[in-house]
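Visitor: I would like to learn how to read a few features of a protein model, one after another. Could you take me through them slowly?

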Amino acid sequence: MLRRPEYLKALIFCGLIGIPVALIAFWFLAALHRLEQLLWTDWPKDLGWKQAPWWWAFPLLLVAGVVVGLVVARLPGRGGHIPAGGLHSGGITKNALLGVVIAAMVGLPLGAVLGPEAPLIALGGGLALLFASLVRAPQTPGSAGLLGAAGSAAAISALFGNPVVGAVLLMEVAGVGGPQLFAVMLPVLLSSGVGDLVFTTFVHWTGLQTGSLDIGLPEPPPLDVGDVLWVLVMAPAIAFLIHWVFVGGRFVAGFVTSWTVRNTTLCALGAAGCIALYTVGTGRSPAEVALSGEATLGELAQDADAWPVSALVAVLAFKGIAYTLCLGSLRGGPVFPALFLGGAAGALLAPLPGFGLVPAMAAGMAASVTAALRLPVSSVVLVVVLLGNVETVALVVLAAVMSFVLAQLLPQGPGIPAFAEPARRASPRDG
């Protein structure tokens, strides 16, 4: 395989594609991060509030619902995949790029309880195909899939800050196996490495922030029998709950397929209602329920004592419902909200006798993200990289395996509505 000229050309081209894709992914993430900071922290303080008021999410998510609904109804690609269906690496073309960018740049910073990973996968794959067409590179169905996977890996490595995570995730998302595994993984690894190098360089050069996966967990004590026993109970329970969150998201997706703009807006306002109820009930920041939860997860890990039991229960309930609504209606990725919900559940259960914060959060995140993605290897790698230590790897693997098996055995609920391009003339029901 390595001696075939066409494969060597594809390998080199995938490495080159990683440069512009990573640059665009960098500015995409930097813009999202800055908009979130501006809308949820800077503007409320500039207007004289200590934090965003309880009603803050309503106008923001109203705009998000209308715009995303219009993108889904009118633009090619429908703004990307429905997040309740998990992560996908295929099906996005260069014609869908505009809709993907608009849906993400509007929905995510305005409060959608979703992350940027799915738009990044679509963005990277679409850009790779676009650049290939611009240089008139010959494309076959096989080479197009390879280029798309490499572009997606370059983009996603910018988010996760680790080329191995990007490569493993794209390998598992694409469902590649057998003899094809090596042929696909080598270009993906190369493109991920180039993308990570470019991304890291630009972080140092510009000083701009795009978010970090270093959540600052303290060094854990050695594991004991109590940790293992509690994980055997906690992991299936978290997997069960997250599974039904996604089943609910698929029901929401079916609801949105008719009267797209109206129903998408209603779901977005429903998520805003969850954010408002949490803020009124706890007096805490609405941003703890809104957005992906990436930044809030770090705050929780570094100062779990600042979260009373009532706040943890409330954030699990209200963010879980808002997550369900956004999974089926808006556009984004399912990874970070699942990580946050698993981490919050771990923090809630950490005071149990013989348990601890680090093993509880580690197992909770692994169980939650595995149930959400159905990608056990990627989930383990992601959580291990996120934690930055090897002490909890055994618990992470155990929680991920149990979660995956249980999620596969439970009833799966309705399927995701068929992905189809909008008609040239929108139906009246789309309004």
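**Reading the cavities, rings and cysteines**

Guide: Let us begin inside: α3 (97-107) and α4 (117-134) each supply at least two residues of the lining of the largest cavity, where helices (H or I, at least four residues) and strands (E, at least two) are DSSP runs, numbered from the N terminus. This is a predicted model, in which local features need pLDDT of at least 70 and side-chain atom pairs count only at pLDDT 80 or more, while totals for chains, interfaces and linings use all residues. Residues are numbered from 1 along each chain as its sequence is written, and side-chain values use heavy atoms, with hydrogens and water left out.

Visitor: How many cavities of 30 Å³ or more are there, and what volume does the largest cavity have?

Guide: Rolling a probe the size of a water molecule over the atoms shows where empty space is left. A cavity, on a 1 Å grid over the protein atoms alone, is a set of points where a 1.4 Å probe fits but cannot get out, and lining residues have an atom within 4 Å of a point. Grid points are joined across faces, edges and corners, and a volume is the space filled by probe spheres set on the points. By this rule there are 4 cavities of 30 Å³ or more, and the largest cavity has a volume of about 70 Å³.

Visitor: Which residues line the largest cavity, and which helix gives the most to that lining?

Guide: The lining is made by Gly79, Gly80, His81, Val100, Ala104, Ala118, Pro119, Ala122, Arg331 and Gly332, and α4 gives the most, with 3 residues. By class, the lining of the largest cavity divides into 5 nonpolar, 4 polar and 1 charged, where Ala, Val, Leu, Ile, Met, Phe, Trp, Tyr, Cys and Pro count as nonpolar, Asp, Glu, Lys and Arg as charged, and the others, Gly among them, as polar.

Visitor: What lies around this lining in the chain?

Guide: Gly332, one of the lining residues, is 217 residues apart from Gly115 in sequence and 5.4 Å apart from Gly115 in space, C-alpha to C-alpha. Gly115 lies in the loop between α3 and α4, and Gly115 counts as buried at 0% relative accessibility, where buried means under 20% relative accessible area, exposed over 50%, and partly exposed in between (1.4 Å probe, protein chains only). Arg78, in the loop between α2 (57-74) and α3, has a phi near 55°, a positive value in a residue other than glycine.

Visitor: Which residues line the second largest cavity?

Guide: About 50 Å³ of space lies in the second largest cavity, which is lined by Phe160, Val165, Leu169, Val335, Leu373, Ser378, Ser379 and Leu382. Both α6 (163-174) and α14 (376-387) supply at least two residues of this lining, with α14 giving the most, 3 residues. The classes here are 6 nonpolar, 2 polar and no charged.

Visitor: How many aromatic pairs does the structure hold?

Guide: A pair of aromatic rings is described by the distance of the centres and the angle of the planes. Rings of Phe, Tyr and Trp (its six-membered ring) pair if their centres lie within 6.5 Å, and planes under 30 degrees apart count as stacked, over 60 as edge-to-face and the rest as tilted. The structure holds 8 aromatic pairs. In one of them, the rings of Trp49 and Trp55 have their centres 5.7 Å apart and their planes at 80°, so this pair is edge-to-face. The rings of Trp55 and Trp56 have centres 5.8 Å apart and planes at 45°, so that pair is tilted. Trp49, Trp55 and Trp56 form one aromatic cluster, in which Trp49 is partly exposed at 33% and Trp55 partly exposed at 34%, whereas Trp56, at 8%, is buried.

Visitor: How far is Arg284 from the ring centre of Trp307?

Guide: A charge sits over a ring if NZ of Lys or CZ of Arg is within 6 Å of the ring centre and within 35 degrees of the ring normal. Arg284 lies over the face of Trp307, at 4.2 Å from the ring centre, and the charged end of Lys319 sits over the ring of Phe340, 5.3 Å from its centre.

Visitor: How many disulfides does a search of the whole structure find?

Guide: A disulfide is a covalent bond between the sulfur atoms of two cysteines. With the cut-off that a pair of cysteine sulfur atoms must be within 2.5 Å, the search of the whole structure finds 0 disulfides. Cys267 is in no disulfide, and its nearest cysteine sulfur, that of Cys326, is 8.5 Å away. Cys267 is buried at 6% relative accessibility, and Cys326 is buried at 0%.

Key
On a 1 Å grid over the protein atoms alone, a cavity is a set of points where a 1.4 Å probe fits but cannot get out, and a pocket is an open set with protein on both sides within 12 Å along at least five of seven lines; lining residues have an atom within 4 Å of a point.
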